[in-house]
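Work through the exercises below with the sequence and the model at hand. Try each task before reading its solution.

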Amino acid sequence: MITLHHLNNSRSQRVLSLLEELGIEYEVKRYDRNPKTMLAPASLREVHPLGKSPVITDGALTLAESGAIIEYLVERYGNGRLIPALGTPERLRYTYWLHYAEGSAMPLLLLKLVFDQIEKGPIPFFVRPIARAIVDRVKNSFIQPQIAQHLDYQEAEIGKSTWFAGNEFTAADIQMSFPLEAAAARAGLDASRPKLMAFLDRIHTRPAYQQALERGGAYELLS
């Protein structure tokens, strides 16, 4: 039996969606963030040394990292579903977007989250002007322009087909849903990029996504 070690408001929400799409039996073990620090509880380190989520256990196997978990579940339990055939252009696009989500999209969004928290957090009075000037410069000269460039790129790419890998829904779309939800929540993704917003609408109306929300509980994007 697969167990998903599910941290509230985290990347593990999309693993829930994948499990629902595959229609396989699984259990959910819930973990809650510290309400002050928003960090995962120490008990997650008993499952995996890094104490991060998502983590799955499947028999003797313990596996972390969203992309690795998605690849494992699709290859072991998918029976050819949610992944294009080998040797096709769609398979190359599938592999690309599966890794792009965490390798290119999420680092920028995490940087923005960190710098937003620095900007809003307590700063000693005598260094506040300097600290906020540095934060503003980094955000305005690097982080936000880079995010905008990536969103424009994603908008153009999703305009080529219904889904990121082609006209069939795949696990790469589940992987891409998280950075796009994060971008919509805190990085300027809005109706000015209608194809990406339509993609999110298609994701959110899928029965598996709705079922995952029921299993995972309230969902607010934090990391």
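**Exercise 1. A pair within one helix**

Task: In which helix do Asp 116 and Lys 112 lie, and how many residues apart are they?

Solution.
- Step 1. Locate both residues in this predicted model. Helix H3 holds Asp 116 and Lys 112.
- Step 2. Take the spacing. The two are four residues apart, about one turn of the helix.
- Step 3. Check the contact. The closest N and O atoms of Asp 116 and Lys 112 are 2.9 Å apart. The cut-off for a salt bridge is 4 Å. The pair forms a salt bridge.
- Step 4. Check the cover. Asp 116 and Lys 112 are both buried.

**Exercise 2. Pairs that link distant parts of the chain**

Task: Which helices hold the partners Arg 93 and Glu 157, and which of the two residues is buried?

Solution.
- Step 1. Start from the contact. Arg 93 and Glu 157 meet through their side chains in a salt bridge, 3.0 Å from N to O.
- Step 2. Place the partners. Arg 93 sits in helix H3 and Glu 157 in helix H4. They are 64 residues apart, so this pair links distant parts of the chain.
- Step 3. Apply the 20% limit for burial. Glu 157 has a relative accessible area of 10%, so Glu 157 is buried. Arg 93 has 23%, so Arg 93 is partly exposed.

Task: Repeat the analysis for Glu 20. What is its salt-bridge partner?

Solution.
- Step 1. The partner is Arg 215, with the closest N and O atoms 3.9 Å apart.
- Step 2. Glu 20 belongs to helix H1 and Arg 215 to helix H7. The pair spans 195 residues and links distant parts of the chain.
- Step 3. Glu 20 is buried because its relative accessible area is 19%. Arg 215 is partly exposed because its value is 31%.

Task: How many salt bridges does the structure hold, and which residues are linked in a network?

Solution.
- Step 1. The total is 10 salt bridges.
- Step 2. Arg 11, Arg 14 and Glu 102 are linked in a network of salt bridges.

**Exercise 3. Two cavities**

Task: How many cavities of 30 Å³ or more are there, and what lines the largest cavity?

Solution.
- Step 1. Search the whole structure. Two cavities of 30 Å³ or more are found.
- Step 2. Size the largest. Its space is about 90 Å³.
- Step 3. Find the lining. There are 13 lining residues, and the closest to the centre are Ser 17, Ile 174, Ser 177, Ile 203 and Tyr 209.
- Step 4. Assign elements. Helix H1 (12–22), helix H5 (171–186) and helix H7 (207–216) each give two or more residues to this lining. H1 gives the most, with four residues.
- Step 5. Sort by class. The lining of the largest cavity has six nonpolar, three polar and four charged residues.

Task: What is the volume of the second largest cavity, and how many charged residues are in its lining?

Solution.
- Step 1. The volume is about 70 Å³.
- Step 2. The lining includes Ala 105, Leu 108, Ile 147, His 150, Gln 154 and Pro 179.
- Step 3. H3, helix H4 (128–158) and H5 each supply at least two lining residues. H4 has the largest share, four residues.
- Step 4. Sort by class. The lining has eight nonpolar, two polar and no charged residues.

**Exercise 4. Ser 17 and Thr 37**

Task: Is Ser 17 buried or exposed?

Solution.
- Step 1. Ser 17 is found in helix H1.
- Step 2. Its relative accessibility is 8%, so Ser 17 counts as buried.
- Step 3. Look across the fold. The C-alpha atoms of Ser 17 and Gln 175 are separated by 9.8 Å, with these positions 158 residues apart along the chain.

Task: Where does Thr 37 lie, and what is its distance from Arg 91?

Solution.
- Step 1. Thr 37 lies in the loop between strand E2 (26–31) and strand E3 (55–58).
- Step 2. Thr 37 is partly exposed because its relative accessible area is 46%.
- Step 3. Thr 37 and Arg 91 are 54 residues apart in sequence, and their C-alpha atoms are 40 Å apart in space.

**Exercise 5. A surface patch**

Task: Which residues form a nonpolar patch with Leu 110?

Solution.
- Step 1. Leu 110 is found in helix H3 (residues 89–120).
- Step 2. At 39% relative accessibility, Leu 110 is classed as partly exposed.
- Step 3. Val 114 and Ile 118 complete the surface patch with Leu 110. Together the three have about 220 Å² of accessible area.

Notes:
Residues are numbered from 1 along each chain as its sequence is written. This is a predicted model: local features need pLDDT of at least 70, side-chain atom pairs count only at pLDDT 80 or more; totals for chains, interfaces and linings use all residues. Side-chain values use heavy atoms; hydrogens and water are left out. Patches are made of residues with over 30% relative accessible area and no salt bridge: like charges are joined within 9 Å, nonpolar side chains (Val, Leu, Ile, Met, Phe, Trp, Tyr) within 5 Å. Accessible areas come from the Shrake-Rupley method with a 1.4 Å probe; for residues, only the protein chains shown count as cover. Buried means under 20% relative accessible area, exposed over 50%, partly exposed in between (1.4 Å probe, protein chains only). On a 1 Å grid over the protein atoms alone, a cavity is a set of points where a 1.4 Å probe fits but cannot get out, and a pocket is an open set with protein on both sides within 12 Å along at least five of seven lines; lining residues have an atom within 4 Å of a point. Grid points are joined across faces, edges and corners, and a volume is the space filled by probe spheres set on the points. Ala, Val, Leu, Ile, Met, Phe, Trp, Tyr, Cys and Pro count as nonpolar, Asp, Glu, Lys and Arg as charged, and the others, Gly among them, as polar.
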